[in-house]
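Welcome! Below is a short guided reading of a protein model, written for someone meeting it for the first time. Have a look at the structure, then follow along.

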Amino acid sequence: MDIKELILKLAKQHDRIKTSDVVKELHNTKSRQYVNSVIRELVNKKLLLKGGATAGSFYVLPQNSRLIGQEITIKLKREDLEEHKVFNDLKEKAPFINDLKENISSILFYAFTEMLNNAIEHSRSQYVEISIRKDKENIIFIVNDFGAGAFRNIMQERKLKSELEAIQDLLKGKTTTQPHSHTGEGIFFTSKIADIFILESFGLRLRIDNIIKDVFIEEMAKQKKGTKVTFTLSLASKKHLSGVFSQFVTESGSVGFDKTEIKVRLYVSGTVYISRSQARRILTGLDKFKTIILDFDRVTTVGQAFADEIFRVFQQIHPDIKIVPINMVEPVRFMIDRVEKPSLS
Ligand SMILES: Nc1ncnc2c1ncn2[C@@H]1O[C@H](COP(=O)(O)OP(=O)(O)OP(=O)(O)O)[C@@H](O)[C@H]1O
Ligand SMILES: [Mg+2]
């Protein structure tokens, strides 16, 4: 297929394409410069329209012209930024942000300001790059900094062994490196309210997909200096901020984050026998909660010591904490049932 035809075909399939999409489709057989020159020719002939800022240029077919202008990208000096002011400024410059439904608009405000606040207060980066984009289905924002890196920062400040441990603790909620001024809720709630939440930092990508209800921790081929958050929410979403907050309180009607849900599978990779030390890894930091849901989805077995550590030892020290195991297969249920649990008042 002729390269021009291929570009137009890709633009038809994906609505918006970038130079890198075409280079990838050609399996790197043509250089970026060459692909750019062909795209420029198509733009000159008005067969493609160009959108986005220089660094984030994208192209659409003329029939998709409405997608142009539905994106704003800016790069700012981090120092002295205030997240709500930046958001208001973006709204003034990009009117599409004002046309969102009420529930989407309040979620966007919450999630965006939380993630920008993180870049401002934790990253120590010189610059922050921000973009908000609306396409046919989704509203998407990116907050990208070039600083300390979320996983590394947590690992170093909390003296953990690896960035993986930092991710594990982050997923529990209430994990912060600044306990005097922060509570460790931003990433927890933002990642729950998104349809898809991606946090990339140095060699690791944490992807929380709430559509298929799964969490992925992936190694990245290319290192990303600092932290990049990509947040996606469907424009048709019926979610409300209050709905997500209320899922994580023990007593309905009360306020305050005191309930968490842990996917056990993410703490036990690499071994079939699930041990006491792995149980302790799961339990670190969980004394801050009143209810702990332990999701054993895709965990095929646990060791006797693992079950004992959680359901007897920890439970005895924290009799007021409710531990609720869910999604157990028979061998897991058997191990948990045979623990001599402390009698709780
Ligand atoms: N952009 C970032 N750069 C460096 N570290 C980060 C970044 N974003 C998050 N972190 C680390 O992740 C931790 C958790 O972030 P999160 O937003 O969940 O909580 P918090 O900011 O500490 O508290 P809160 O959001 O409730 O004010 C932070 O304390 C910080 O150590
Ligand atoms: Mg925060």
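K224 touches E200, S201 and F202, leaving aside residues up to four places away in sequence; touching, or contact, is when the C-beta atoms of two residues, placed from the backbone, lie within 7 Å. This is a predicted model, where local features need pLDDT of at least 70, side-chain atom pairs count only at pLDDT 80 or more, and totals for chains, interfaces and linings use all residues. Residues are numbered from 1 along each chain as its sequence is written, while chains are lettered from A and ligands numbered from 1 in the order in which they are written.

K224 itself sits in strand β8 (residues 214–234). Helices (H or I, at least four residues) and strands (E, at least two) are DSSP runs, numbered from the N terminus. Is K224 buried, exposed or partly exposed? K224 counts as partly exposed because it has 16 C-beta neighbours inside 10 Å. A residue is buried if 20 or more other C-beta atoms lie within 10 Å of its own, exposed if 12 or fewer, and partly exposed in between, with C-beta atoms placed from the backbone. From C-alpha to C-alpha, K224 and F58 lie 22 Å apart in space, and 166 residues separate them in sequence.

Now for the ligand. Around ligand 1 there are 24 residues, and N118, T176, H182, G186 and I187 come nearest; a residue is near a molecule if its C-beta atom, placed from the backbone, lies within 6 Å of it. Helices α5 (102–122), α6 (150–157) and α8 (186–193) each give at least two residues to this shell, and α5 has the largest share, with four. By character, the shell holds six nonpolar, 15 polar and three charged residues. Here Ala, Val, Leu, Ile, Met, Phe, Trp, Tyr, Cys and Pro count as nonpolar, Asp, Glu, Lys and Arg as charged, and the others, Gly among them, as polar.

How covered is α8? Six of its eight residues are buried, namely G186, I187, F188, T190, S191 and I193. Their cover includes α5, α7 (163–172), β7 (196–209), β8 and α9 (241–246).

On a wider view, the protein is divided into domain 1 (3–67), domain 2 (71–241) and domain 3 (248–337), with bounds from an automatic or database domain assignment. The centres of domain 1 and domain 2, taken over C-alpha atoms, are 28 Å apart.

Next come the sheets. Strands of a sheet pair through backbone hydrogen bonds, either parallel or antiparallel. Two strands pair if DSSP finds at least two bridges between them. One open sheet has three strands in the order β1-β3-β2, with antiparallel pairing. Its edge strands, β1 (16–17) and β2 (49–51), each pair on one side only. Three of the pairings are set out here.

| Strand pair | Sense | Bridges | Bridge partners |
|---|---|---|---|
| β1 and β3 (58–60) | antiparallel | two | I17 and Y59 |
| β9 (259–263) and β10 | parallel | five | K259 and T291 |
| β10 and β11 (322–326) | parallel | five | D295 and I326 |

From β10 the chain crosses through helix α11 (residues 304–317) to β11, and this β-α-β crossover is right-handed: with the strands pointing away from the viewer, the path from the first strand over the helix to the second runs clockwise. Strand β10 (residues 291–295) has a covered face, I292 and L294, and an uncovered face, T291, I293 and D295.
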